[in-house]
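I'm opening a fresh page for this one. These are my notes, in the order I looked things up.

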Amino acid sequence: MMARGQQKLQSQAKAAEKLSKLKKQQGHSATDQKKAAQKALVHVCAICKAQMPDPKTYKQHFENKHPKNELPEDLKAI
């Protein structure tokens, strides 16, 4: 009788843990995170096609990675 009671408690604890893991994973899938990250990368380097989130980062990238090329017009004002 005691062994069955212990098994029942263990089974309930295991099921509750599994359920809590499933709840944590909802809304945090890898594909959702990748899609959100991709939306943030709106600026694309004209030379190497690298993607950046903002114009300041794009300008820094361009100055560091392509120093021999002329800065694009849209980055000169930044």
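Before anything else, the exposure scale I'm using: buried means under 20% relative accessible area, exposed means over 50%, and partly exposed is whatever falls in between. Lysine 76 comes out at 40% relative accessibility, so I file it as partly exposed. Also for the record, this is a predicted model.

**Entry: overall layout**

I went through the secondary structure and found 4 helices and 2 strands. Along the sequence they come in the order α-α-β-β-α-α. Then I checked the dimensions. The C-alpha atoms fill a box of roughly 80 × 20 × 15 Å along the principal axes. The radius of gyration is 26 Å, whereas a compact globule of 78 residues would have one near 12 Å.

I looked up burial next: 12% of the 78 residues count as buried. I also looked at contacts between residues at least 6 apart in sequence, and 0% of those join residues at least 24 apart. The accessible surface comes to about 6800 Å², with 56% of that belonging to carbon and sulfur atoms.

**Entry: the nonpolar core**

Which residues make up the largest nonpolar core? I get 5 residues in all: Cys45, Met52, Tyr58, Phe62 and Leu75.

I followed cysteine 45 from there. Its relative accessible area is 1%, so I note cysteine 45 as buried. Leaving out residues up to four places away in sequence, cysteine 45 touches Ala50, Met52, Tyr58, His61, Phe62 and His66. Met52, Tyr58 and Phe62 are therefore both contacts of cysteine 45 and fellow members of that core under the definition of joined, buried nonpolar residues.

**Entry: the two cysteines**

Why is there no disulfide between cysteine 45 and cysteine 48? The closest cysteine sulfur to that of cysteine 45 is the one in cysteine 48, 3.7 Å away, which is too far for a bond. The cut-off I used is 2.5 Å between cysteine sulfur atoms. By this rule I count 0 disulfides. Looking from the other end, the sulfur of cysteine 48 has cysteine 45 as its closest cysteine sulfur partner, at 3.7 Å. I also checked exposure: cysteine 48 is partly exposed at 40% relative accessibility, while cysteine 45 is buried at 1%.

**Entry: two histidines**

Both cysteines turn up again in the histidine contacts. Histidine 61 sits in helix α3 and is buried, with a relative accessible area of 15%. Beyond residues up to four places away in sequence, histidine 61 touches Cys45, Cys48, Ala50, Met52 and His66.

Histidine 66 is in the loop between α3 (55-65) and α4 (73-76). Is histidine 66 buried or exposed? I have histidine 66 at 11% relative accessibility, so it counts as buried. With the same sequence neighbors left out, histidine 66 touches Cys45, Ile47, Cys48 and His61.

**Entry: an odd phi**

I flagged lysine 49 on the backbone check: its phi is positive, about 65°, although it is not a glycine. Lysine 49 is in the loop between β1 (43-44) and β2 (51-52). At 57% relative accessibility, lysine 49 counts as exposed.

**Entry: salt bridges**

How many salt bridges does the structure hold? I count 3.

One of them pairs the side chains of glutamate 17 and lysine 21, at 3.8 Å from N to O. These two are 4 residues apart in helix α1 (residues 2-25), so about one helical turn separates them. Glutamate 17 is partly exposed, at 48% relative accessibility.

Then I went to lysine 76. Glutamate 70 forms a salt bridge with lysine 76, the closest N and O atoms being 3.2 Å apart. Glutamate 73 also bridges to lysine 76, with its closest N and O atoms 3.2 Å apart. Glutamate 73 and lysine 76 lie 3 residues apart in helix α4, which means about one helical turn between them. Because they share partners, these salt bridges join Glu70, Glu73 and Lys76 into one network.

Last lookup was exposure for that network. Glutamate 70 is exposed at 62% relative accessibility, and glutamate 73 is exposed at 62%. Lysine 76, as noted at the top, is partly exposed at 40%.

Conventions
Residues are numbered from 1 along each chain as its sequence is written. This is a predicted model: local features need pLDDT of at least 70, side-chain atom pairs count only at pLDDT 80 or more; totals for chains, interfaces and linings use all residues. Side-chain values use heavy atoms; hydrogens and water are left out. Buried means under 20% relative accessible area, exposed over 50%, partly exposed in between (1.4 Å probe, protein chains only). Contact means heavy atoms within 4.5 Å. A nonpolar core is a set of buried Ala, Val, Leu, Ile, Met, Phe, Trp, Tyr and Cys residues joined through side-chain atoms within 4.5 Å. A salt bridge is a side-chain nitrogen of Lys or Arg within 4 Å of a carboxyl oxygen of Asp or Glu. The radius of gyration is taken over C-alpha atoms; the globule rule is 2.2 Å times the number of residues to the power 0.38. Accessible areas come from the Shrake-Rupley method with a 1.4 Å probe; for residues, only the protein chains shown count as cover.
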